[in-house]
Amino acid sequence: MSCEYTRTVLHGYLDGELDATRAAEFERHLENCRECENSLASVEALRSSLQRSSLYESAPPSLRKKVRAGLDVATVREAPEIPAWRWLAVAASILIVAAVSWYSWPRFQDSASSAPFSAAELIDAHVRSLQPGHLTDVASTDQHTVKPWFDGKLAFVPPVKDFSDEGFPLIGGRLDVLAGQNVAALVYTHRKHVINVFVLPTREPDTSIHPPGLRQGYQWFHWRHQGMEYCAISDLAASDLRELAQLLYQ
Amino acid sequence: MSGSDQGKGLDVLGAQDRARFEQLVLPHLDAAFNLARWLLRSRADSEDVAQEAVLRAYRFFRGFHGGDARAWLLQIVRNTCYTWLEKNRPVELMTEFDEELHQQPSSSPEALAIAGDNRERLSRALETLPPRFREVLVLRELEGCSYKEIASITAIPIGTVMSALARARQRLQRALTNSSPQEAPREL
């Protein structure tokens, strides 16, 4: 190749990156240069092949999902600094909460003190599961795959049901540790939110679904049913999460 | 993004940052994945690396002061890809960018059109190019980036983007017309 224009300027011309003067200069050159003429045609052919052949690869849905889960973790973990004046508001809230709890003590006592793990442990376990690659040990939307997977891994068999039809598809399960105990974690999603349902055996009597717990933007419902302790936690609105709790309770 | 930017970038991110990030940066997730996919030549690895890059972008989001969010994200994706390549496939990075291209046979547009009509062949030809040629082609032809954007993403001086593209296109033409459909010169 001998023509200097062919090597570079032609490409700027083709890409529309030359200013008007240089573009006009190239066009004048093009009239008398066979090499540039041929080269321009072949580079154009190459470009249209590249664009026609759908080489562009869009992000798979799984990536989108993992990125969102990662963003959740990065956003929730770091609480904003609290300016001094806010402490007054915090103090006031504590007073109000104390007053309210005083009146509703019997109801809340059941909910808060009877779970065999603390709110902090529960949230930790949930947040931990949202780290890349931690959500499921067995990824399947099929309850008949997830349930047998737990066989032999735990000293109990957690009930596994899929609620895709109700808007809560099961996406898998994993083993987890909550307050030093091995537990089964069933993973559901609802409108891109991840829900962990922790299941472990209990000897305590059945309860109804307790009022929701709330902390750091997470909500959870806790109940006991037929010898199992359940806790469903998510960043979903309490009303949505209650729906899943009720499905599981049936 | 310079090293010092990264160092001081670790900010506390709240719901507002999250919303802004979703609005400005996440729409370019396809671009991020596409660039990673062509740099790494593997969908599975690209998914991991693109995820890492986007979350890294989020952690340094306070360092983004408006402007071209796509170029900003792609720059981080590219750096993350190269770090990954250095660690996992160092041999691939050893091909020099400034390789001279003598006596390149001028291929006819017709021959190119025929060769280029096969997606499989085109994709293989693109994959045989060294990463630094591949990235300028992907950014220009698939992503539609301007020279200025390419310069900021790849850290090539803006004055040399044009010649980098020229050489990359010549290499691709050669790879397309030289490889017959039977032989599949795929490294790795």
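Leaving aside neighbours within four places in sequence, Ala245(A) is in contact with Ile209(A), Phe221(A), Trp223(A) and Ala232(A), contact being counted when two C-beta atoms, placed from the backbone, lie within 7 Å. The model is a predicted one, in which local features need pLDDT of at least 70 and side-chain atom pairs count only at pLDDT 80 or more, while totals for chains, interfaces and linings use all residues. Residues are numbered from 1 along each chain as its sequence is written, and chains are lettered from A and ligands numbered from 1 in the order in which they are written.

Ala245(A) sits in helix H9 (residues 238-249) of chain A; helices (H or I, at least four residues) and strands (E, at least two) are DSSP runs numbered from the N terminus. Ala245(A) counts as buried because 22 C-beta neighbours fall inside 10 Å. The cut-off for buried is 20 or more other C-beta atoms within 10 Å of a residue's own, against 12 or fewer for exposed, with partly exposed in between. His222(A) is 23 residues away from Ala245(A) in sequence, and their C-alpha atoms are 8.4 Å apart.

What does H9(A) lie across? The helix lies across S3, strand S4 (193-201), S6 and S7 of chain A, running at about 20° to S6(A). Such angles run from 0 to 180 degrees between N-to-C directions, with axes fitted to C-alpha atoms, for helices over the stretch in contact. Helix H8 (residues 143-150) of chain A, in turn, lies across S1, strand S2 (170-178) and strand S3 (181-190), at about 20° to S2(A).

The strands of chain A beneath this description form an open, antiparallel sheet of seven, in the order S1-S2-S3-S4-S7-S6-S5; two strands pair if DSSP finds at least two bridges between them. Strand S1 (138-139) and strand S5 (213-215) of chain A each have a single partner strand, so one side of each is left without a neighbour in the sheet. Strand S6 (residues 218-225) and strand S7 (residues 228-234) of chain A run antiparallel and are joined by seven bridges. Phe221(A) stands opposite Ala232(A) of S7(A).

Turning to chain B, there are 10 helices and zero strands. Of its 188 residues, 41% count as buried. Where chain B meets chain A, 40 residues of chain B are in contact with 39 residues of chain A. Helices giving two or more residues to this side of chain B include H2 (15-24), H3 (29-40) and H10 (158-178).
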